[in-house]
Amino acid sequence: MNFREVLLDETRAFGELIRSADPLTPVPTCGEWTLKQLFRHVGRGHRWAAQIVSDRLGESLDPRAVRDGKPPEDSAAALRWLQDGAQLVVDAVEAVGPATRVWTFLGLRPAGWWVRRRVHETTVHRADAALALGADYTLPAELAADAISEWIELMAVQASRSALPLQRGQRLHLHATDPSLGAVGEWMITSDEEGLDWSHEHGKGDVAVRGPATDLLLALSRRRTAAELGVEVFGDTAVWDRWLTNTPF
């Protein structure tokens, strides 16, 4: 998967989705945000990541210090600002080299990490906009599956800093029903004294969650409940509920 191309494509799709929408439309899945605030968050987030990479920062960047961090008032210019921000991420990684280590909220990582992170940040926020507008939302199965993997990776690191979303010895199994995915459409998440671990393993968990990859992503990221999506939950539902409660991001 070419994450650089996907970032540009997903950013374009996000912008087109809200191009003609009322900017004051509430976005229920993002607290008290409006579409205008969501748009600014995604666009400034791109430029924030690009500046971290281009300046080879080893520490966090104050979002208020992001260069050109506010979109223009003109809607056409704002869409160009959004898309240009995504291009800045791609260009910054290419300029410094994808292996150059820079700051991330998980510690120092290769600069290329930011491209994948911005892809999945954008896909989930496109879901926020689609849900706010009552629009259809789906992702290619492979992209949704990678977003799930990345989400689990983030949660595994975050779990070392906060309450474990799984009690020790518990296992959560996710199964995407998309026929094209094969083994990469399964995830076994385990918990032991060293924290969370996961693999693309088929097996029996204390709870299993089964559905299309896009729906699994929406459920994992708490954009919709499993019941609302028609995603199947088998086994100890309290394990699934604990996971959701303890995986905010």
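Where does Trp 151 lie? Look along the chain of this predicted model until you reach helix H5, and you'll find Trp 151 there. Is Trp 151 buried or exposed? With a relative accessible area of 7%, Trp 151 is buried, because anything under 20% counts as buried.

So what does Trp 151 touch? Leaving out residues up to four places away in sequence, Trp 151 touches Leu 220, Ser 221, Thr 247 and Phe 249. Sequence distance and distance in space are two separate things here. Trp 151 and Leu 217 sit 66 residues apart in sequence, yet from C-alpha to C-alpha they are 8.5 Å apart in space.

Leu 217 brings us to helix H6, which covers residues 213–220. H6 is mostly covered, with eight of its eight residues buried. Among these buried residues are Ala 213, Thr 214, Asp 215 and Leu 220. Just after H6 comes something to pause on: Arg 222, with a positive phi near 60°. Most residues other than glycine have a negative phi. Arg 222 is a residue other than glycine, and its phi is positive all the same. Find Arg 222 in the loop between H6 and helix H7, which spans residues 226–229. Arg 222 has a relative accessible area of 41%, so it counts as partly exposed.

Arg 56 is another residue other than glycine with a positive phi, this time near 50°. Its place is the loop between H2 and H3. We'll get to those two helices shortly.

First, let's head for the nonpolar core. In soluble globular proteins, nonpolar side chains tend to be buried together. The largest nonpolar core in this model has 63 residues. Which of its residues touch the most other members? They are Trp 114, Ile 148, Leu 172, Leu 174, Trp 240 and Trp 243. Helix H5, made of residues 141–159, gives the most to this core, with eleven residues. Now zoom in on Leu 174, again skipping residues up to four places away in sequence: it touches Ile 148, Ile 152, Gly 185, Glu 186, Trp 187, Ile 189, Val 209, Leu 220 and Trp 240. Apart from this core lies another one, of 14 residues, including Leu 38, Ala 78, Trp 81 and Leu 82.

Leu 38 leads us to the packing of the helices. Two packed helices are described by the angle between their axes and the distance between the axes. Take helix H1 (residues 3–18) and H2: their axes come within 11 Å and cross at roughly 160°. Angles over 145 degrees count as roughly antiparallel, so H1 and H2 are roughly antiparallel to each other. H1 passes H2 in a left-handed crossing. On the H1 side, the contact is made by Leu 7, Thr 11, Phe 14 and Ile 18, and on the H2 side by Leu 35, Leu 38, Phe 39, Val 42 and His 46. Sorted by type, the residues of this contact are seven nonpolar, two polar and no charged.

Next, follow H2 (residues 35–54) over to H3 (residues 75–96). Here the helices pack at an angle of about 20°, with their axes 8 Å apart. That angle makes H2 roughly parallel to H3. H2 passes H3 in a left-handed crossing. The residues in H2 that meet H3 include Phe 39, Val 42, His 46 and Val 53, while their partners in H3 include Ala 78, Trp 81, Leu 82 and Val 89. This contact of H2 with H3 divides into 15 nonpolar, four polar and four charged residues.

While you're in H3, stop at Gln 83, which has its place in that helix. Gln 83 counts as buried, at 18% relative accessibility. Not counting residues up to four places away in sequence, Gln 83 touches Leu 8, Thr 11 and Arg 12. Gln 83 and Ala 111 are 28 residues apart in sequence, and 20 Å separate them in space, C-alpha to C-alpha.

One last stop is Ala 135, in the loop between helix H4 (113–133) and H5. Its relative accessible area is 30%, so Ala 135 is partly exposed. Beyond residues up to four places away in sequence, Ala 135 touches Leu 17 and Ala 130. Ala 135 and Arg 47 are 88 residues apart in sequence and 27 Å apart in space, C-alpha to C-alpha. From there, H5 takes you back to Trp 151, where we began.

Notes:
Residues are numbered from 1 along each chain as its sequence is written. This is a predicted model: local features need pLDDT of at least 70, side-chain atom pairs count only at pLDDT 80 or more; totals for chains, interfaces and linings use all residues. Side-chain values use heavy atoms; hydrogens and water are left out. Axes are lines fitted to C-alpha atoms, for helices over the stretch in contact, and angles run from 0 to 180 degrees between N-to-C directions. Helices (H or I, at least four residues) and strands (E, at least two) are DSSP runs, numbered from the N terminus. Angles under 35 degrees count as roughly parallel, over 145 as roughly antiparallel, 65 to 115 as roughly perpendicular and the rest as oblique. A crossing is left-handed if the near helix is turned anticlockwise from the far one by less than a right angle, and right-handed if clockwise. Contact means heavy atoms within 4.5 Å. Ala, Val, Leu, Ile, Met, Phe, Trp, Tyr, Cys and Pro count as nonpolar, Asp, Glu, Lys and Arg as charged, and the others, Gly among them, as polar. Buried means under 20% relative accessible area, exposed over 50%, partly exposed in between (1.4 Å probe, protein chains only). A nonpolar core is a set of buried Ala, Val, Leu, Ile, Met, Phe, Trp, Tyr and Cys residues joined through side-chain atoms within 4.5 Å.
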